[in-house]
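Dear colleague,

I am passing on the structure below, and I would be grateful if you could keep it open while you read the notes that follow it.

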Amino acid sequence: MSGTRVIDEASPLTQPSPPRGRGQGEGAGPYSLPGDHGLHRQLEKTWSPATGPLRWFMQIDHHVIGKRFIITAFIWFALGGVLAALMRIQLSRPGNTFLSADLYNQIFTMHGTTMMFLFAVPVMEAVAIYMIPLLVGSRALAFPRLTAFSYYMFLFGGIMLYTAFFLNIGPDAGWFSYVPLASPEFAPGKRVDIWSQLVNFTEISAIAVAIELIVTILKQRTPGMSVNRMPLYVWSMLVTAFMIIFAMPAVMVGSLYLLLDRLVGTHLFNVAEGGDPLLWQHLFWFFGHPEVYIIFIPALGMVSSIITTFCRRPVFGYTAMVLSQVATGFIGFGLWVHHMFTTGLPQSGESFFTAASMMIAIPSGIQIFCWIATIWMGRPVYKPPLMFVLGFVAIFVLGGLSGVMVASIPIDLQVHDTFFVVAHLHYVLIGGAVFPLLGALYYWFPKITGRLMNDRAGHVSFWLIFIGFNLTFFPMHKLGLIGMPRRVYTYLSETGWGQLNLLATIGSVVLALGFLTYFINALVCAKRGEFAGANPWDGPTLEWATDSPPPHYNFIHMPVVSSTEPLWHAPEHAPLVTGLSTTAKEVLITRTFDAEPDHRYTYPAPSAWPFLTALATAGIFLGLLFTPWAFVIGLPIASLMAVGWFWPTTPQKEGDAPQDSATASEAVA
Amino acid sequence: MKRVLVVLAALTLISCEREERKFRQTPAEAALQKRERLVSLVAGPYTPDVKIDGPYAYNAHGISEGKRLFSWYNCVGCHANGGGGMGPPLMDERWIYGSDPEQIFATIVEGRPNGMPSFRGKIPDHQVWQLVAYVQSLSGNVPKDAAGGRQENMQVRKQEQSIPDLEPEKAPAEHP
Amino acid sequence: MTIVLMTGIQSALNPAGVQAEKIARLWDLFFWVSAVVYVLVMIFLLAALLRRRPEIVPNATSPRVRAAVSIATGLTVLTLFALLTASIFTGRSLSDVPERAIQIGVTGKQWWWHIEYDDTDKSKRITTANEITIPVGMPVTVHLQTSDVIHSFWVPNLHGKRDLIPGRRLTWTFSADRPGVYRGQCAEFCGYQHAKMALWINALPAAEYASWLEASRKSSKIPSTPEERKGQEVFMSSPCPLCHTIGGTEAAGKTGPDLTHFASRRSIGAASVPNRREFLAHWIVDAQHFKPGSLMPSMTLEPGQLEPLVVYLESLR
Amino acid sequence: MIRRQTIDVGALPDHAFGNRSIMWWATMTIIAIEGTVFAMAIASYFYLQGNEETWPPADTPLPGLMWPTVNVIILLASLFPNHKVKTAAEDMNLGQVRLWSVIADTFAVAFVVVRVFEFRELNVSWDSNAYGSVTWTLLGLHSVHLLTDLIDSVVLTVLMFTRHGDEPRRFVDVSENCFYWNFVVLSWLPIYAVLYWTPRLL
């Protein structure tokens, strides 16, 4: 990062952007060569998405699937939000009969399950599905058909859960459904089975996306982007993907054990026959705590991207930031027992976990200090994405501190399973993940839709969300301390919790208004927002080098990168990669550490097989709830679908037609 | 599209019924117990023998409550866990006093010779209907997805879900 | 006897026992340290935002900023280390259990608490529900078991919470330093009526505690008035004896709460309904109204049976 | 008027073996996932064992040792044809790949057949007690893992006999499948030790 970067006042960020036509087709950005127009038309044809009546089911392009993923995740978020509003109405005053006890138990379980399994993890992966190929300068996400498969598994899981909920079979044992309340004797019917199957759906979807992200980040970076030049967001997604790989199996085994206990009569959690309910808690929380970091670490990456662009300088301490992300990932696996401090485990074991739980505050602290240092040295531009990041810092630091409090055993004995923990988890999840997500969506909205979101509405929505959030969740700290337990459908007036709950309900109305403003702003501006060119914010990373919305093949020529902020360091002199076939969907595979070009790989054509495989797998999962024979019948069908998916269709043509060789694009600058 | 809605409606009915949490005795149950009869002889013209399902026959919560009451009201004392002891086994296809829900109801409320006590006034009626549903599930006569799973104590027999549906034996000629 | 409305009858910020006191002190330390840290971070953030910037922003990081970040990180590590040691010391001091303590068995059931004062001499055993009476100043050890799902015994004014887990017998020791009535509640989600599974702790001075012990050891009062005798007869002929026990009578059901000294309790349905005549009558006829899903069935009584039954139950001091 | 520098990648190969290929990385992540699943299942096994004084519980007979040991021998033996397939694939020698793939698959089929006997010799039912449950679950997990890989290998072998067989990418897939088969063998050994020797030794 040599030389001083002069903040030119004329940068498009600080001025209102001049009106521009709808994305200029072949992209006259810094990485183009004269004569690219012919290539663009050819590539557009080769990489064109599926056509024909069944095209909706055949799409495998990471832009199409990424956008669908984000929209579906936000639909679940809206539904989860409505459920939260219902809960807040029920708790607004003592002895309220708005919701019955049974319905309230279903609603708070659905709220938790939707937010954790159907929104938080998938939406962070959805944004990565869309943005990672652009950020690493690749033409596509690895294993595109697997992307389609993971989207459909996620979609079918959500549909199953909400159909069950509307049929009064919504799970009602909490989002972590402790045994023996979730075991067959105390949870009759199919409610908890639906919960366990949903966990299977979403974890297969999450693992599939994690595999793609790891392979894309490690093997498809543009030449020159060695590991120490990867943008921080790409680092955060790599760490998250590895955490998913090692965390999800624990809940996979856990939900399998729960299903076996409930359907086949095994005794894994039955104390009388040698089982142990704490085995469930260990298995679940070994996954549970890394999962909240799987939700949080992508947000760290998003904050770094936003701060880099809106403070007009690279983030301070790149290596410290990367090491902090990796450290958070590792330590995240070592502190799951802090969810079980009140279960009477041996004291010495528990204090180890207190130390680990406090230690994880250090990497987060380092990141906060580095961001503040970046703001100190940079020149902040107060656009909504930066506002959301500042909201993030204000709220997450408070959430982190209440986390340190909850890490101490004596204090946790008082506040565990109370509204203090409800406040803490919302501060670190909404504050820590949703705020950066809203900022990042605002920041990448022009890249995804080609149009800018309205700034005024952005600021209004930020302040509504910020004030509404604090009004709702700050009183809950006090509620927890004055004795209000979690998951109570009502409470008596003599407990004195009425006023604070009413205040929280009012706050939740403001919060809901804020989210509504943000979503209306997004929906309206998607169609009628101001046109955004390739780089409306003068951003430094590669996604701003191509059109908005980017063509299906992302880059005609992959640039050779020489820094973490390629677009800020004379991009027009960067050497370009040529020679990738234009008639086959070819992607450049580069070496893992120094991103040297290694070989070319052709990606498959769009196909409906992933959809059918997902349908068959969903059929097996649903059938398994009713009879074990569903596996015996379902496995052959699913295998056939998978064979169809894997089977090569057209014979590979040797030697393509007009090779995009260097001579053809000999150009005089 | 209409067909899908019809299927969905049917699905709603069955699953709603299974997952319903009926905490209170519904008026329907109160009316039921007035209708059980012991003999087929009837004064006056022929009155049809109305086939009724117990209110909890398809209800998972009702059956699991029946299972709890089966041990709380000490039915296990004589019937063990369905295998029989002092009292007759309840898991086979042989029904001495009839396998219809209202006949089981009458057995519990009226009592039977050779040791079955009468629980009239001792067990509230909706709980008797829950016991009826559970007794039916002991010989697999309730839908599999509503029947109970394993219990939280020693494994004494197969879980109700795995008990095959035993067709009740045709009752031998009417007792003289 | 109305429930005395004291603010903070179930609050960790209003400690009335030595354990809750220690935790409250640790909480104050954590609270103030966190408040200071939060304010400092916010000040740095605002300073970073509002400072006047030089014309050309040098790209290279100034050593001053690098030093500031490393100092801040160092301070974070030190503060965390200090908080950790404070927490471990408090934790250790909480866990030394005094030898001489009153032993009380608490069994969590779906949605109420079964309390047993054990004693080698069988006649001295006391069984009650949803209320624990303890002497002021004396440590009390509760032996926590559950007969169904996981519950969590939590009386914030006295001590933190401890789960009741099937197959485990956990003990929890606390003591009350000043007489009073403290409310506790189940803190682990346990089903339909988790919200109304509360209990009362009556801390009595030593003398009053002794007389309470004496009174509780006696068996139930023999009905004296004709209406009480009618009430007892109604009780014995309806389903009640199959679940409830009344010491000194044939009613010996073990699955419901023990009613021997029912009238001396301050609430019905695990502290969810005040123990007054009109509530008692309504509870008997329709318990689902107060606790939908509760395992207490609604009784259908002939007209003229309810009144004597209520009178009889009210007489069981 | 400087000419824009370009790098021509047209001449690069269109396939690669070993950790240069993305299939290797995908297989590696799947191995990591299934390895963690087995680790969790084995951890649960030892967790439940810790609760018991006698393991297996008092009157439960020990699981039969003969068939699992036969299976261990089959799997170790299968390493040889598997190695031959891998080297043939890396030399892109279609004939050899076809021959040894069929042989390797017969080993896999033999293993599955023996696995059925193994289940019958466990001498405990899954719903008799926690020991039975956790034994059946662990063996069941490995069986599903093995079954899916058997289907995978058979499909791949059939593919090699079709016209699509003779392509460099297919050979890469075959070599990755062999790499995965090594994991299958590797994962069976600890499970074998846990299931059949811990009840005897601990």
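**A sheet in chain C and the contact between chains A and C**

In this model, which is predicted, three strands of chain C make up an open sheet with mixed pairing, and their order is β4-β10-β9. The edges are taken by β4 (131–135) and β9 (180–185) of chain C, each of which has a single partner strand, so one side of each is left without a neighbour in the sheet. Direction ignored, neighbouring strands of this sheet are turned against each other by 20 degrees on average.

Between β4(C) and strand β10 (residues 198–204) of chain C the pairing is parallel and runs over 5 bridges, and C:Pro135 is found opposite C:Leu204, a residue in β10(C). Helix α3 (residues 206–217) of chain C packs on the sheet, where it touches β4 and β10 of chain C, and the direction of this helix makes about 130 degrees with that of β4(C).

Turning to the contact between the chains, 75 residues of chain A are in contact with 73 residues of chain C. On the side of chain A that touches chain C, at least two residues each are supplied by α4 (101–135), α8 (277–310), α10 (347–359), α11 (361–377), α12 (384–407) and α13 (409–415) of chain A, and the largest share, 12 residues, comes from α11(A). Sorted by class, this side of chain A has 44 nonpolar, 22 polar and 9 charged residues.

With best wishes

Note on methods:
Residues numbered from 1 in each chain as written. Chains lettered and ligands numbered in written order. Predicted model: local features only at pLDDT ≥ 70, side-chain atom pairs only at ≥ 80, totals over all residues. Contact = placed C-beta atoms within 7 Å. Helix = DSSP H or I, 4+ residues; strand = E, 2+ residues; numbered from the N terminus. Nonpolar A, V, L, I, M, F, W, Y, C, P; charged D, E, K, R; others polar. Pairing = 2+ DSSP bridges. Axes fitted to C-alpha atoms, helices over the stretch in contact; angles between N-to-C directions.
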